[in-house]
Structures are given as C-alpha cells and as structure tokens.
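Please look through the sequence and the model below before reading on. The paragraphs that follow take up cysteines, helices and charged side chains in turn.

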Amino acid sequence: MQSASTAASIDPRAERLRSALRRNLRYALAKDPEHAGSRDLFRALALAVREFAIDGMLETERAFRAEGTKSVHYLSMEFLMGRALGNNLLNLDLLDAAEQALEGTGLELDEAHEIEPDAALGNGGLGRLAACFLDSLATLGYAGYGYGINYEHGLFHQEIRDGKQREKPDRWLDLGSAWLVPREEEAVAIPIYGRIEHGADAAGEYNPMWVDWRLLYGVPHDFPVVGHGGRTVNFLRLYSARASRELDMEAFNSGEFLKAVDQKALTETVSKVLYPTDSVPNGKELRLVQEYFFVACALRHVLKRCLREQGELRSLPRFHAIQLNDTHPALAICELMRALVDEHRLPWDEAFEITRATCAYTNHTLLPEALEQWSIALLERVLPRHLQILQEIDRRFRAEVHAHFAGDGHLEEELALVTRGGSPHARMAHLAIVGSHAVNGVAELHSELLRTRLVPRFAELYPERFLNVTNGVTPRRWVAHCNPELAALYDEHLGREWIADLERLRELEPQVEQAWFRARFREIKQRNKTRLAEWVARELKLSIDPQALFDVQAKRIHEYKRQLLAVLHVIARYLEIVEDGVLPACPRVVLFAGKAAPGYVHAKDVIELVHRVGAVVNGDPRVRDWLRVVFLPNYRVSQAERLIPAADLSEQISTAGMEASGTGNMKFGLNGALTIGTLDGANIEIRAAVGAEHFHLFGHTASELEELRSARAYSPQALIDAQPWMGRVVRALEGGLLGGSWTAPAWIAARLRSPHDPYFHLADLPSYLAEQRAAEQRFLDRDGWCRSALVNALRLGHFSSDRTIREYAEKIWGLRAPRRGAAGASGAMGI
C-alpha cells in the first residue's frame with residue numbers, strides 16, 4: 001500500500017489522465033498496453049485530455065445559457081489550428097500532469113507532440129488569425145464560436161522535387177482526430193441548384209418558389225477551443241458534406257451502379273480540399289458551393305439557437321453577432337435574408353435591418369483583383385434564389401446611391417453589387433459592405449487605404465461603418481507554447497499572469513540593462529537556433545551554422561510579399577563574394593518557407609528560383625562559410641513553432657500599401673527577432689511600438705509609390721544604368737550564371753526591367769541591400785543585438801489577439817465584459 005505522504009504527492013489530475021489514458025487505450029482503441037505503439041499512446045493521451053476539454057465545454061455552454069450571454073459567430077473559410085495537444089495541455093495547466101501520466105509507457109511528451117499531425121484547415125495568415133481569435137475569445141470568457149469546413153485533405157502537402165513545388169493530399173485525418181466531436185444528430189439539409197417558379201401568395205404578392213433543388217447534408221464536428229486556465233471552453237464547428245442519401249438506391253437497383261456512387265462522391269468533394277483551383281470552370285463552381293455550404297450550415301445553427309433561447313428572430317442582433325472573415329462568407333447576407341423572408345415571413349425591410357445589424361465584415365486585402373466576384377450565370381445555376389435576393393439588394397442600393405449622389409449614373413455602376421452589360425458579375429466585397437453594420441481594416445495604414453483608395457465612395461456613403469482593429473496573435477501558442485524557455489524566463493519575474501496580459505512584459509524592460517538577463521536571453525535564442533539547425537541537418541541534409549545570422553522569410557508565396565526581392569539580395573551578395581572578393585560582415589543563413597497556390601504559376605516559379613539559387617550558393621566552396629540558402633518545405637503551424645523562436649532577422653518586405661497587416665511580423669518580434677521591413681501593414685505600428693532604432697526600415701512609402709505610378713516616373717532601366725551592380729544581378733537571372741544551362745523564367749527579368757512592375761522590386765532594392773548590411777554590422781555586436789531583440793520582445797504586448805478581440809467586442813459586436821471570472825472552472829479542471 002502507498003504511504004499517506006506518497007499518496008499526497010501524486011497530482012490527482014495526473015492520476016485522472018493516467019486512468020483515462022489506459023481506459024481509452026483499451027476501450028476506444030482496443031489496444032493492450034503491452035503492445036501499444038507510440039501512435040496508440042498519443043491517441044489515448046489526446047482522448048484523455050479531450051475529456052477535460054469536453055467537461056469544460058459543456059459547463060461553459062450551461063453557464064452561457066443561464067446568463068443569456070450574447071454570442072459571436074466567426075465565419076471563415078480557414079482556421080489554421082495546427083496541433084492541439086500541446087496547446088490544450090498548456091491552457092488546461094496539465095503539462096506536468098501529462099508527463100507524469102506517461103511515465104512508464106515508453107512515450108515522452110515531446111515525442112507525443114511530434115506524432116500529432118497539423119489540423120490542415122487553412123493556408124496562411126487569414127486562417128491563423130482566425131485560430132488566434134478563437135483562442136482569445138475563450139481566454140477572455142466570451143461566447144465565441146468559429147464556423148468552417150471540415151476539409152478532409154486541407155490545402156495540400158507541399159513536396160519539393162528538383163526545386164519545383166508538387167502538391168499532395170494532406171491526409172491529416174487518416175488516423176482520425178481525437179479532438180473532433182461528431183454531431184451526426186445535428187446534421188442540416190442544404191438545398192442547392194434548382195430553379196425559381198414565379199407565383200403569388202394569397203394576398204397577391206410576388207412569391208417565388210425555389211424548386212427542383214438538390215440536397216447536401218452538412219454534418220457538424222465540434223473542435224473544443226480551450227481558453228487559458230480552462231475556465232472557458234468554446235468550440236469551432238466544422239461541417240463535412242454528405243450526400244442526401246448514402247446511395248441513390250433507385251439508380252443502383254436499376255443497374256446504374258457507377259452513377260449512384262459517383263453522385264455521392266461528387267457531393268462529398270465539397271469538404272475534400274481547401275481552395276480548389278479556380279482556373280477552370282469546375283473549380284470555380286466548387287469554390288462557390290463551398291462558400292455557400294458552410295455559411296448556410298452555420299446560419300441554421302445560429303437561427304436554431306436564437307429560436308430556442310430567445311423564442312423569436314427579431315432579437316437576433318441583441319443576442320448574436322456574425323463576423324465575416326473576408327469576402328468568402330459574404331453569401332451569409334443573402335442566406336440570412338432568404339431565411340428571414342422566405343422561411344420566417346418577415347417583411348423585406350425588417351429582415352434587412354436585422355441582417356445588417358447582425359453582420360459585420362473584415363476586409364483583408366487592398367488588391368482589387370483579390371476581391372471576389374462571381375459570374376451571374378454561375379450564381380443563377382447554383383443559387384437561383386440567392387441571386388434574386390442579391391439583385392433586389394442591388395436594386396434598392398442603386399436607388400440609395402442615386403439619391404445620395406444626385407443621380408450620378410457612372411458612380412451608381414461603380415458601387416453596384418451586380419454589374420451590368422457584357423458578362424455581369426456579383427461583387428462580394430460590395431455585398432459585404434452594404435449588408436454589414438461595420439467594416440474594419442486590420443492595421444492603421446490598411447484601414448486608411450481601405451477608406452481612401454479601395455472603396456472611398458462607400459466610406460463617403462457610410463462613414464460611421466468604417467473603423468480599424470489592428471490584428472494580433474495569441475501569446476499562448478506564439479510565446480508560451482512555442483518558446484517555453486523564454487516563457488520560463490518571464491515566469492521567474494512576472495509569474496504566469498503575463499500569458500493572459502501581454503502588456504505586462506514591459507515591466508521587464510529594466511532587466512534589459514542587466515547583463516545576466518541578456519545572457520539568459522542569448523542562451524535561449526542560441527538553443528532555439530541549434531535545434532533548428534539540427535532539424536535542417538536531419539531532414540534536409542544541409543549543414544547550417546547556428547552562430548550565423550538567421551534571416552527568415554516565412555509566409556505564403558505571393559508576388560506582393562516579394563520573396564523575389566529577398567532572392568535578389570542573395571544573388572547580389574553571392575556575386576560580391578565570388579566576383580568582387582567582398583565578404584559580408586558576418587555569416588548569414590537565409591531561410592525561406594511558404595506555399596504557392598497550385599494555380600499560381602509565378603509564385604511556383606519563385607519557389608524554383610529559390611532552390612536554383614540555393615543550389616549554386618550552397619554548392620560553392622567560396623561562399624559556404626558566409627552564405628547559405630534553405631527552403632523549409634511544407635510550411636505549417638508546427639513548422640512555424642520551430643522556426644520563429646530561432647529567427648534573428650524577420651523579413652517583412654511587401655510592397656508598401658499592399659499588405660493588409662501581417663501577423664508573422666508580430667510572432668517573430670515577440671520571440672526576439674528584429675524586423676527588416678517596409679512601412680506597410682502592421683509594420684508601421686510595430687516600428688512605433690519598439691522604436692525606430694530597433695527596426696531596420698527600407699523602401700518607398702505607399703504615398704511615394706503612388707506618386708511614381710501616377711506620374712509614370714518609375715524607370716528600372718535608369719536605376720540599372722546608374723548602378724552597375726544591379727544590372728549584374730538582373731543579368732545573372734537572364735544569362736544562366738546561376739546554374740549552368742538553367743535560366744530563370746523569362747517573365748522574372750522582364751518584370752524587373754518593366755516600368756510597369758507593380759511591386760517596384762528594383763526601386764526598393766538599393767535601400768534593402770543597404771539596410772541588410774546595417775543589420776549585419778549590428779549583429780557583430782552580439783550584446784547590442786540582444787538589447788534590441790529584447791526590446792522587440794517586451795514592447796509588442798499591444799499585438800496580443802486578446803487586445804484585438806476586446807476591441808471587436810467593444811466596437812463591433814457589442815459584447816459586454818464577462819461578469820464571471822470563470823466559466824466551467826470546476827468542469828474543466830475538476831477531477
């Protein structure tokens with residue numbers, strides 16, 4: 001028997017975890033502990049942790065219902081959640097308990113983390129922002145829920161073959177997910193396709209009937225979202241598409257076996273892959289179906305909840321807020337109007353007032369070509385009733401524009417939701433603006449340009465709707481979880497409170513002057529760099545020096561993000577070494593990571609260019625000790641958690657005026673990387689927060705570039721003629737100097753030489769190289785660099801997603817601060 005003192009020393013939560021692990025191993029997985037492998041043990045542990053999360057989720061729901069709490073429903077095509085085990089253990093305060101529970105099993109907790117696949121539900125910043133917001137909603141105790149699609153294969157698994165990106169299915173669900181809770185009993189029927197029969201009701205009013213539709217079924221799966229401390233556990237609801245019947249038995253029984261099976265398979269492609277290519281008609285149609293499918297599913301849940309808890313729908317805006325994350329969910333406006341008018345028989349004006357008061361829209365792009373449009377012909381075929389509703393919103397809005405702008409027909413067409421003439425299209429950003437009570441940008445510059453450049457006439461018509469809410473990132477995942485040694489250093493001085501109040505990091509600024517504190521920080525950074533170097537050596541068979549400057553650009557591959565500019569810098573420095581004998585001030589490792597959309601040829605060419613340049617640089621013994629190039633394949637959340645804490649220099653080099661915000665800049669900065677960047681997106685606010693002396697600024701401003709565009713004064717050839725080194729860099733791309741017979745695709749050099757280059761690569765290249773040299777000189781003074789790195793880490797508390805969510809709650813959603821300190825504390829943390 002155990003002594004009283006021994007029994008008292010055992011963490012009861014560890015005992016509960018150990019017991020649940022054994023139970024799940026036996027009864028959920030049918031495994032004998034003696035023969036269980038590492039994957040079995042991981043799944044059993046995850047199921048055990050899920051029990052804590054579900055206890056908290058059920059108690060949270062009970063508490064919110066009892067209080068009549070207003071809820072926010074966050075609609076997004078993407079939720080880049082990453083791995084859940086480590087984050088849930090952190091937020092439930094179960095890390096030590098989990099280590100104890102695994103004792104004697106042969107599985108270490110670190111190994112368990114590596115077994116878990118990333119939840120492949122997003123692509124880049126849009127999806128990761130949504131994941132951060134869900135974390136903050138739960139941490140702050142708000143009733144906040146995400147809605148999206150349960151993608152079977154996610155975006156894609158990126159493989160690199162001969163320097164080229166190859167896309168493979170991301171089979172993250174092959175072994176199932178311990179975190180997804182299926183809700184088969186809550187499946188919803190979604191009509192699609194069909195036609196409109198025109199008729200009248202008993203009062204003689206026009207009464208269109210949507211008939212001959214086909215049904216999709218949306219099966220919800222709930223992904224628990226644990227707030228810090230486990231006091232509130234919300235959920236992300238993800239819908240899988242299912243055919244209306246398992247098989248068309250009539251077709252099957254009549255011998256049309258393939259037709260019956262194909263119809264079911266075609267239906268279920270809706271939740272197979274994130275962002276099917278829209279370069280072919282079938283891909284466009286599938287994207288439209290996806291966008292409608294998930295918002296229709298989500299709204300059925302929201303309206304059912306409102307009817308159950310409030311008894312009627314006129315109070316919808318008082319108890320529910322719907323946030324549209326970019327234009328992908330904009331069809332929610334038409335679907336909500338359809339439900340209110342067609343199903344619940346509300347008058348049009350009242351229904352539209354409810355819809356507008358409920359919905360709000362976040363814009364994430366300043367690129368006009370990135371604002372979604374759908375052809376009217378496609379909408380008429382796929383969503384005939386929604387097209388009617390859209391056209392009626394457009395008709396009424398045109399009348400409003402006509403009255404406000406004194407009959408300016410040209411302006412009426414410019415602002416219209418539905419274009420006329422030629423091949424008419426529906427403008428989804430315009431629908432989102434007209435159908436929402438609030439429209440926000442995601443950084444101060446972005447919000448200003450949204451109002452003054454992208455949609456200035458809408459801002460003139462609805463000035464009270466436009467506002468700014470600067471993005472943020474969750475410190476739970478992006479400091480405490482991904483950089484535990486740095487978190488432990490903070491804990492020693494602040495306790496654990498800083499994790500939910502990131503502004504408290506500023507209290508540590510006096511410690512920056514302490515030599516021992518800087519030494520501890522340097523040691524942590526160096527260990528993170530060494531771990532990354534070991535991973536690169538093991539997985540990519542490439543040796544890199546952890547003492548070198550780690551210069552990182554990790555983000556979605558896109559021309560405006562200017563990975564090409566970073567490659568030009570590498571080529572310039574390489575040529576300086578091998579042709580001029582000019583050595584850099586310090587060794588540098590340039591690390592790239594990111595995926596290109598499958599149909600984005602130019603972005604895929606840039607990935608190949610990185611690899612071709614890297615092969616030349618890494619294979620040349622003359623530069624091997626000074627310059628290395630690494631591309632980390634299949635960038636994802638777990639990869640970012642390894643890369644970001646190891647970075648010295650963060651590349652945020654988009655063309656000024658094109659990046660909405662960026663959140664990678666915040667993650668890198670919070671982990672002690674200095675930024676080299678333009679005055680774009682949130683870079684401006686980050687530079688103001690950390691101080692100009694701790695930020696490597698280069699490049700033209702958005703207004704300067706606008707002047708160059710307007711005056712047609714940009715002349716790359718004049719720059720090349722005035723600076724011979726620049727011409728040498730461009731000729732290296734044209735003449736095969738970077739890899740024998742291989743030359744870069746012709747469009748790259750043509751783009752660089754063109755006065756119409758929309759990204760102004762050569763305009764910013766000289767100041768970019770100068771600032772890169774300045775960064776190297778700073779890096780030589782390791783102690784001075786450490787001071788600046790610490791200042792970056794400690795002054796960026798404003799960029800917590802907790803602050804962002806508080807602003808949304810106050811400015812847009814009308815959520816009051818939670819009255820209770822805990823929702824479900826006994827349920828989530830109890831035993």
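How many disulfides does the count come to in this structure? The model is a predicted one, and in it the count of disulfides comes to 0. A disulfide is a covalent bond between the sulfur atoms of two cysteines, and the cut-off applied here asks for a pair of cysteine sulfur atoms within 2.5 Å. Cysteine 132 does not meet that condition, because the closest cysteine sulfur, which belongs to cysteine 482, is 11 Å from its own and too far for a bond. Cysteine 306 is in a comparable position, since the closest cysteine sulfur, in cysteine 359, is 13 Å away, again too far for a bond. Both side chains can also be placed by their accessibility: cysteine 132 counts as buried at 1% relative accessibility, and cysteine 306 is buried with a relative accessible area of 0%.

Consider next helix H7, which runs over residues 125-139. Its 15 residues reach 21 Å from the first C-alpha to the last, close to the 21 Å expected at 1.5 Å a residue. The helix is mostly covered, with 14 of its 15 residues buried. Just after H7, glycine 141 takes a positive phi of about 85°.

Two packed helices are described by the angle between their axes and the distance between the axes. For H12 and helix H13 (residues 348-358), the angle is about 140° and the axes are 9 Å apart. That angle makes H12 oblique to H13, the limit for roughly antiparallel being over 145 degrees. As to handedness, H12 passes H13 in a right-handed crossing.

H12 also takes part in the pattern of charged contacts, for which the count comes to 71 salt bridges. One of them joins arginine 385 to aspartate 342, with the closest N and O atoms 2.8 Å apart. This pair links distant parts of the chain, 43 residues apart, with arginine 385 in helix H15 (residues 384-404) and aspartate 342 in helix H12 (residues 331-343). The two partners fall into separate accessibility classes: arginine 385 is buried, with a relative accessible area of 8%, whereas aspartate 342 counts as partly exposed at 23% relative accessibility.

A second salt bridge brings together the side chains of arginine 477 and glutamate 641, at 2.6 Å from N to O. Here too the pair links distant parts of the chain, in that arginine 477 lies in helix H20 (residues 475-481) and glutamate 641 in helix H25 (residues 637-643), 164 residues apart. Arginine 477 counts as buried at 4% relative accessibility, and glutamate 641 likewise counts as buried at 12%, the class being set at under 20% relative accessible area.

Which salt-bridge partner does glutamate 576 meet? The side chain of glutamate 576 meets that of arginine 573 in a salt bridge, at 3.4 Å from N to O. The two residues are separated by about one helical turn, because they stand 3 residues apart in helix H23 (residues 563-580). An α-helix has 3.6 residues a turn, so residues three or four places apart point the same way. Glutamate 576 and arginine 573 are both buried. Their contact also belongs to a wider arrangement, in which salt bridges that share partners join Asp551, Arg573, Glu576, Arg588, Arg773 and Glu776 into one network.

Notes:
Residues numbered from 1 in each chain as written. Predicted model: local features only at pLDDT ≥ 70, side-chain atom pairs only at ≥ 80, totals over all residues. Heavy atoms only, no water. Salt bridge = Lys/Arg side-chain N within 4 Å of Asp/Glu carboxyl O. Helix = DSSP H or I, 4+ residues; strand = E, 2+ residues; numbered from the N terminus. Buried < 20%, exposed > 50% of the residue type's maximum accessible area, 1.4 Å probe, protein only. Expected span 1.5 Å × (residues − 1). Axes fitted to C-alpha atoms, helices over the stretch in contact; angles between N-to-C directions. Parallel < 35°, antiparallel > 145°, perpendicular 65-115°, else oblique. Left-handed = near helix turned anticlockwise from the far one by under 90°.
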